[in-house]
Amino acid sequence: MSFRQRTSRTRNRRLSNVRQRRQQHLLDVKIRSRRATQHRIRSAMGVMWKLAVFVILCAAGYAGAREAVRRLFFENPDYHVQTIELQTDGTLQREQVLKAADLHEGANIFSVNLASVRDRIQQLPQADEVEIVRKLPSEIDIRIVERKPVAWITSEKEINDPFASDGAFLVGSRGVLMKQKKLLPEYLGLPLIVGCSSQSLEPGKVVESPEAKTALELLHLTESSFLQTRFQIREIDISKNYCLLVTDKNRSRVMFGLNDLEEQLRRLQVFLDYCDNTKQELETLNLVAQRNIPVTFTRPAAAVINDTIEPAMEPRIMKAIPVHAPEARVHQDSGAQQAGPSAPKAHAGSTPPKAIPNQQKKKRSNNGEQ
């Protein structure tokens with residue numbers, strides 16, 4: 001073997017055995033894992049420090065911004081409410097609205113929760129639509145559209161003056177009950193719904209009675225159609241619980257069923273047209289019946305006046321009958337022979353005759369003169 005071959009083998013020979021190499025490998029792995037752990041710890045600490053700094057900066061910025069807003073807006077006297085403008089189309093009073101809204105001058109305009117104020121005002125029975133606008137720097141505008149009452153409603157069967165009655169309430173088209181502090185003259189001409197005894201009536205509540213709801217629907221249908229000028233409702237009696245007894249301005253009484261009001265109004269139109277063509281006035285009408293509808297008409301005013309002014313030409317005369325008829329006749333015959341044509345005298349034993357009309361008296365006096 002040559003020298004060159006020996007030298008190459010010496011260079012390629014490993015300096016350690018298998019056991020030494022395995023131990024050296026384990027040491028290298030431990031060193032690498034320690035370094036990796038230390039690297040991860042340093043990275044996590046860096047992230048945590050950055051996050052903590054970010055949170056501190058955010059908290060400081062929020063606190064600073066809040067303090068700036070408090071000083072510039074909430075504690076700035078320029079933003080105190082100085083004017084509350086109220087616009088309403090009904091009878092609500094300013095003090096009543098502000099008390100319900102819990103709103104007053106001097107409060108900070110930014111501290112006023114407009115949604116809460118709107119909800120509190122809408123709890124008033126008269127308020128239908130509410131709009132609130134904040135006008136900087138110191139004004140709040142409130143606009144209210146009030147519910148329009150369409151009728152009076154009461155649990156009583158008869159009522160003369162709704163204004164003076166504590167049991168009468170105004171009711172809107174949606175069935176909300178109202179008790180107005182200021183009554184307008186036009187409220188006196190509203191229709192009256194009587195006999196609503198199926199529930200207790202209180203301001204702010206909604207009418208739940210089916211009969212009352214049907215009555216409100218009937219008022220809406222008559223007002224929105226041409227029947228408003230020909231059939232103006234003055235009173236609706238719902239006490240029967242199975243029908244509506246309606247009285248109009250001409251004292252006509254019409255009975256409606258609780259179902260299919262439009263069809264009943266169509267039939268009512270037919271009868272009103274017939275009254276116009278025949279120049280008659282409707283007195284009673286029962287629209288609950290589907291066929292052979294009962295109807296009556298009022299007598300003409302001229303006929304009623306003539307019956308009062310011009311009585312019968314020869315009214316029936318009831319003669320007086322004496323108590324003792326035979327004796328009275330004998331006395332009358334003897335008295336007539338003695339007295340001749342003079343008028344008969346009353347006897348003590350007979351009852352006085354009834355009043356005799358003037359025409360009969362005149363005839364008797366003429367006969368006596370003859």
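Which residues do ring pairs link into a cluster? Hold that thought for a second, everyone, while I remind you that what we have here is a predicted model.

Okay, the cluster: its members are Phe-73, Phe-74, Tyr-79 and Phe-110, joined to one another through ring pairs. For context, searching the whole structure turns up seven aromatic pairs. Let me pick out one of them, Phe-73 with Phe-110, which meet edge-to-face, with 5.5 Å from centre to centre and 85 degrees between the planes. Phe-73 belongs to helix α2, while Phe-110 is in the loop between α3 (94-101) and α4 (114-122), so this pair ties together parts that lie 37 residues apart in sequence.

Are those two rings buried or exposed? Somewhere in between, as it turns out: Phe-73 is partly exposed at 31% relative accessible area, and Phe-110 is also partly exposed, at 28%.

Let's stay with helix α2, which covers residues 18-74 and also holds Met-45. Met-45 joins Ile-41, Met-48 and Trp-49 in making a nonpolar surface patch of about 480 Å². How does Met-45 come to qualify for that patch? Patch residues need over 30% relative accessible area, and Met-45 is partly exposed with 42%.

One last thing to find on your screens, and this one involves a charge and a ring. Look for Lys-179: its charged end sits over the ring of Phe-169, 4.8 Å from the ring's centre.

So, to recap the places to look at: the ring cluster with Phe-73 and Phe-110 among its members, the nonpolar patch that includes Met-45, and Lys-179 over Phe-169. Thanks, all!

Conventions:
Residues numbered from 1 in each chain as written. Predicted model: local features only at pLDDT ≥ 70, side-chain atom pairs only at ≥ 80, totals over all residues. Heavy atoms only, no water. Patch = residues over 30% accessible without salt bridge, like charges linked within 9 Å, V, L, I, M, F, W, Y side chains within 5 Å. Areas by Shrake-Rupley, 256 points an atom, 1.4 Å probe, with all protein chains shown as cover. Salt bridge = Lys/Arg side-chain N within 4 Å of Asp/Glu carboxyl O. Helix = DSSP H or I, 4+ residues; strand = E, 2+ residues; numbered from the N terminus. Buried < 20%, exposed > 50% of the residue type's maximum accessible area, 1.4 Å probe, protein only. Phe/Tyr/Trp six-rings, centres within 6.5 Å; stacked < 30°, edge-to-face > 60°. Lys NZ or Arg CZ within 6 Å of the ring centre and 35° of its normal.
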